[in-house]
Amino acid sequence: MGVIERLKQLRDSYVTRQVERARLPEFGAAPVIRQRVVFSGHVQGVGFRFEVLCLSERLGLTGWVRNLSDGRVEAELQGSRDRVAFLVEYMCSLKRARVDQVESTDLPVAAEEKDFTVKM
């Protein structure tokens with residue numbers, strides 16, 4: 001295993017531990033929504049997509065996340081509004097990333113979607 005691969009492995013282990021330790025609030029029953037969220041700032045090369053994936057899975061959200069060619073990260077998040085809002089706030093609070101701007105747009109719910117993925 002090369003140095004870069006080992007560093008990525010260490011980063012991913014750190015991210016996994018951070019998400020496992022995150023204190024989740026109590027979420028009540030709420031209707032499902034879907035939002036397209038675009039994060040701008042220093043959000044690539046720091047494990048941002050992987051953290052969105054891990055936290056989305058822990059929150060029971062469905063959707064996807066991907067890097068954009070202009071340095072931003074785009075996600076479509078589906079679940080209750082309070083869970084989606086928690087994920088966005090959590091990602092904005094990361095110390096190793098810097099979120100300068102968040103753009104969100106409501107989308108139609110994708111009822112057939114069952115999991116969360118990273119798009120390449």
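Let's start with what Glu 51 touches. Leaving aside residues up to four places away in sequence, Glu 51 is in contact with Val 15, Gln 18, Val 19, Tyr 90, Met 91, Leu 94 and Arg 96. Keep in mind that we are looking at a predicted model. Glu 51 sits in helix H2, which covers residues 48–59. Is Glu 51 buried or exposed? Its relative accessible area is 0%, and buried means under 20%, so Glu 51 is buried.

Now the whole chain. How many helices and strands does the protein chain have? There are three helices and five strands. Reading from the N terminus, the order is α-β-α-β-β-α-β-β. The radius of gyration is 14 Å, and the globule rule gives 14 Å for 120 residues, so the protein chain is as compact as a globular protein of that length. If you lay the C-alpha trace along its principal axes, the spans are about 45 × 30 × 25 Å.

A few totals for the protein chain. Of its 120 residues, 40% are buried. Take the contacts with a separation of 6 or more: 83% of them are between residues 24 or more positions apart. The exposed area is about 7,000 Å², and carbon and sulfur atoms supply 51% of that. On charge, the protein chain carries 19 positive and 17 negative side chains. The centres of those two sets are 5 Å apart.

Next, the strands, beginning with E3. Strand E3 runs over residues 73–80. Eight of its eight residues are buried, so E3 is largely enclosed by the rest of the structure.

Which strands pair with E3? One of them is E1, antiparallel, over eight bridges. In that pairing, Gln 35 stands opposite Leu 77 of E3. Another is E2, residues 62–67, which pairs with E3 in the antiparallel sense over six bridges. There, Arg 66 has Glu 74 of E3 as its bridge partner, and Gly 63 has Leu 77. So on screen, find Leu 77 and you can look from there to Gln 35 and to Gly 63.

E2 and E3 form a hairpin, with five residues between the two strands. In the turn, Gly 71 has a positive phi of about 95°.

E2 also pairs with strand E5, residues 116–118. These two run parallel, and three bridges join them. Val 65 stands opposite Val 118 of E5.

Let me stay in E2 for one residue, Gly 63. Its relative accessibility is 2%, so Gly 63 counts as buried. What does Gly 63 touch, not counting residues up to four places away in sequence? The list is Arg 34, Glu 76, Glu 113, Asp 115, Phe 116 and Thr 117. For a distance, take Val 37, which is 26 residues from Gly 63 along the chain. The C-alpha atoms of Gly 63 and Val 37 are separated by 11 Å.

Over to strand E1, residues 32–42, and in it Gly 41. Gly 41 is partly exposed, at a relative accessible area of 30%. With residues up to four places away left out, Gly 41 touches Gly 71, Arg 98 and Asp 100. You have met Gly 71 already, in the turn of the E2 and E3 hairpin. Arg 98 is 57 residues from Gly 41 along the chain, yet their C-alpha atoms are separated by 5.5 Å.

The last stop is a loop. Where is Leu 24? Leu 24 is placed between helix H1, residues 3–21, and E1. Leu 24 is partly exposed, with a relative accessible area of 28%. Again skipping residues up to four places away in sequence, Leu 24 touches Leu 55, Arg 58, Leu 59 and Phe 86. Leu 24 and Leu 87 are 63 residues apart in sequence, and from C-alpha to C-alpha they are 9.9 Å apart in space.

To recap three of the residues: Glu 51 in H2 is buried at 0%. Gly 63 in E2 is buried at 2%. Leu 24, in the loop between H1 and E1, is partly exposed at 28%. That is the end of the talk.

Methods: Residues are numbered from 1 along each chain as its sequence is written. This is a predicted model: local features need pLDDT of at least 70, side-chain atom pairs count only at pLDDT 80 or more; totals for chains, interfaces and linings use all residues. Side-chain values use heavy atoms; hydrogens and water are left out. Helices (H or I, at least four residues) and strands (E, at least two) are DSSP runs, numbered from the N terminus. The radius of gyration is taken over C-alpha atoms; the globule rule is 2.2 Å times the number of residues to the power 0.38. Buried means under 20% relative accessible area, exposed over 50%, partly exposed in between (1.4 Å probe, protein chains only). Contact means heavy atoms within 4.5 Å. Accessible areas come from the Shrake-Rupley method with a 1.4 Å probe; for residues, only the protein chains shown count as cover. Lys and Arg count as positive and Asp and Glu as negative; His and the chain ends are not counted. The place of a charge is taken as NZ of Lys, CZ of Arg, CG of Asp or CD of Glu. Two strands pair if DSSP finds at least two bridges between them.
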